[in-house]
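Work through these exercises with the sequence and the structure open side by side. Try each task before you read its solution.

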Amino acid sequence: TSPTNNSVLTGTFRIVAVAPADTKNVSFNVSGGCSATYDDLVSSDGWTWDFISTSSCGSGEYTNVFISAKAFDNVGNSQLFSVSGITIDNDAPEVLVINPNATTNTTHRAGIVVSANASSDANRVFFEYSPNGGGYWIALGTDFAGAGGWNVTFDTGSVADGADYKIRANATDKVGLSSVSTMAGNFTIDNIGQVTAQITVQ
């Protein structure tokens with residue numbers, strides 16, 4: 001029987017029951033925060049149910065879900081199979097770029113710690129930068145730990161000066177759901193800085 005106990009699932013997944021040879025039909029049931037039923041009358045493709053959890057459960061995360069399959073023969077005898085402790089996760093993590101400042105055009109040189117806030121279900125945050133206001137994006141790196149916040153270091157000295165830089169962050173959770181935050185404004189990279197002329201009289 002699939003899935004197994006304590007599985008973490010998302011989106012559409014197949015529920016499979018292995019039933020006796022004399023089975024006439026199998027009734028599937030999902031319960032525990034998210035509820036749905038299905039009666040499989042055709043064994044040619046196995047006793048299965050392609051469960052669309054986004055339709056039956058909606059968004060959000062459901063824990064301790066119970067899935068059962070009850071097999072019936074021609075005279076009404078039945079046999080029950082079940083799994084428990086299932087998590088159905090249709091809730092993408094939240095993420096928000098916090099540095100550089102999302103709305104005020106700040107100036108940076110040499111290096112900057114790019115950071116984002118993300119919800120507790122995120123297990124990694126991938127950062128990118130754009131040198132032209134979002135025309136295209138270049139990878140900066142991925143924070144897999146989140147210790148002290150989600151962040152990577154951007155060596156601004158390795159790129160050209162410009163006033164149209166942007167950062168975006170993509171947070172992903174354990175089942176692969178993700179969401180993106182792009183800073184609303186731009187920021188400036190000025191590696192040269194102000195040049196002060198000096199006149200020496202000899």
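The model is predicted. Ring pairs link F13, F28, Y38, W49 and F51 into a cluster.

**Exercise 1. The ring cluster**

Task: Classify the ring pairs F28 with W49 and Y38 with W49.

Solution:
- Step 1. Know the scale. The structure holds 8 aromatic pairs.
- Step 2. Take F28 and W49. Their ring centres are 6.1 Å apart, and the planes stand at 45 degrees. Planes under 30 degrees apart count as stacked and those over 60 as edge-to-face, so what lies between is tilted. The F28 and W49 pair is therefore tilted.
- Step 3. Place this pair in the chain. F28 sits in strand β3 and W49 in strand β5, 21 residues apart. Both F28 and W49 are buried.
- Step 4. Take Y38 and W49. The centres are 5.5 Å apart and the planes at 25 degrees, so this pair is stacked.
- Step 5. Place the second pair. Y38 belongs to strand β4 and W49 to strand β5, with their positions 11 residues apart.
- Step 6. Check burial. W49 has 10% relative accessibility and counts as buried. Y38, at 33%, counts as partly exposed.

**Exercise 2. The disulfide**

Task: Find which cysteines form the disulfide, and give its handedness.

Solution:
- Step 1. Search the whole structure. The result is 1 disulfide.
- Step 2. Name the partners. C34 is joined to C57, with an S to S distance of 1.7 Å. The cut-off is 2.5 Å between the sulfur atoms.
- Step 3. Read the torsion about the S-S bond of C34 and C57. The value is about -65 degrees, so the disulfide is left-handed.
- Step 4. Locate both ends. C34 lies in the loop between β3 (23-31) and β4 (36-40). C57 lies in the loop between α1 (53-56) and β6 (61-73). The pair links distant parts of the chain, 23 residues apart.
- Step 5. Check accessibility. C34 is buried at 1%. C57 is also buried, at 13%.

**Exercise 3. Salt bridges**

Task: Locate the salt bridges of D50 and E128, and decide for each partner: buried or partly exposed?

Solution:
- Step 1. Count them. There are 2 salt bridges.
- Step 2. Start with D50. Its side chain meets that of R14, with 2.7 Å from N to O. D50 is in strand β5 (residues 47-52) and R14 in strand β2 (residues 12-17), 36 residues apart.
- Step 3. Classify this pair. Under 20% is buried, over 50% is exposed, and partly exposed lies in between. D50 has 41% relative accessibility, so D50 is partly exposed. R14 has 43% and is partly exposed.
- Step 4. Move to E128. Its side chain meets R168 at 2.6 Å, N to O. E128 lies in strand β11 (residues 122-130) and R168 in strand β14 (residues 162-173), so the pair ties together parts 40 residues apart in sequence.
- Step 5. Classify again. E128 is buried at 13%, whereas R168 is partly exposed at 24%.

**Exercise 4. A sheet of strands**

Task: Give the order of strands in the open sheet of 3 strands, and name the edge strands.

Solution:
- Step 1. Recall how strands pair. Strands of a sheet pair through backbone hydrogen bonds, either parallel or antiparallel.
- Step 2. Read the order. The open sheet runs β8-β10-β13, with antiparallel pairing.
- Step 3. Find the edges. β8 (95-99) and β13 (150-154) each pair on one side only.
- Step 4. Read the turn. Neighbouring strands of this sheet are turned by 25 degrees against each other on average, direction ignored.
- Step 5. Look at one pairing. β8 and β10 (residues 112-118) are joined by 4 bridges. One bridge partner pair is L96 with N117 in β10.

**Exercise 5. Backbone exceptions**

Task: Describe the backbone at P100, N6 and N64.

Solution:
- Step 1. Recall the usual case. Most residues other than glycine have a negative phi, and most peptide bonds are trans.
- Step 2. Go to P100. The peptide bond from N99 to P100 is cis, with omega near 10 degrees. P100 is in the loop between β8 and β9 (107-108).
- Step 3. Go to N6. Its phi is positive, about 65 degrees. N6 lies in the segment before β1 (8-9) and is exposed at 59%.
- Step 4. Go to N64. Its phi is also positive, about 55 degrees. N64 is in strand β6 and is exposed at 62%.

Terms used. Residues numbered from 1 in each chain as written. Predicted model: local features only at pLDDT ≥ 70, side-chain atom pairs only at ≥ 80, totals over all residues. Heavy atoms only, no water. Helix = DSSP H or I, 4+ residues; strand = E, 2+ residues; numbered from the N terminus. Buried < 20%, exposed > 50% of the residue type's maximum accessible area, 1.4 Å probe, protein only. Pairing = 2+ DSSP bridges. Axes fitted to C-alpha atoms, helices over the stretch in contact; angles between N-to-C directions. Salt bridge = Lys/Arg side-chain N within 4 Å of Asp/Glu carboxyl O. Phe/Tyr/Trp six-rings, centres within 6.5 Å; stacked < 30°, edge-to-face > 60°.
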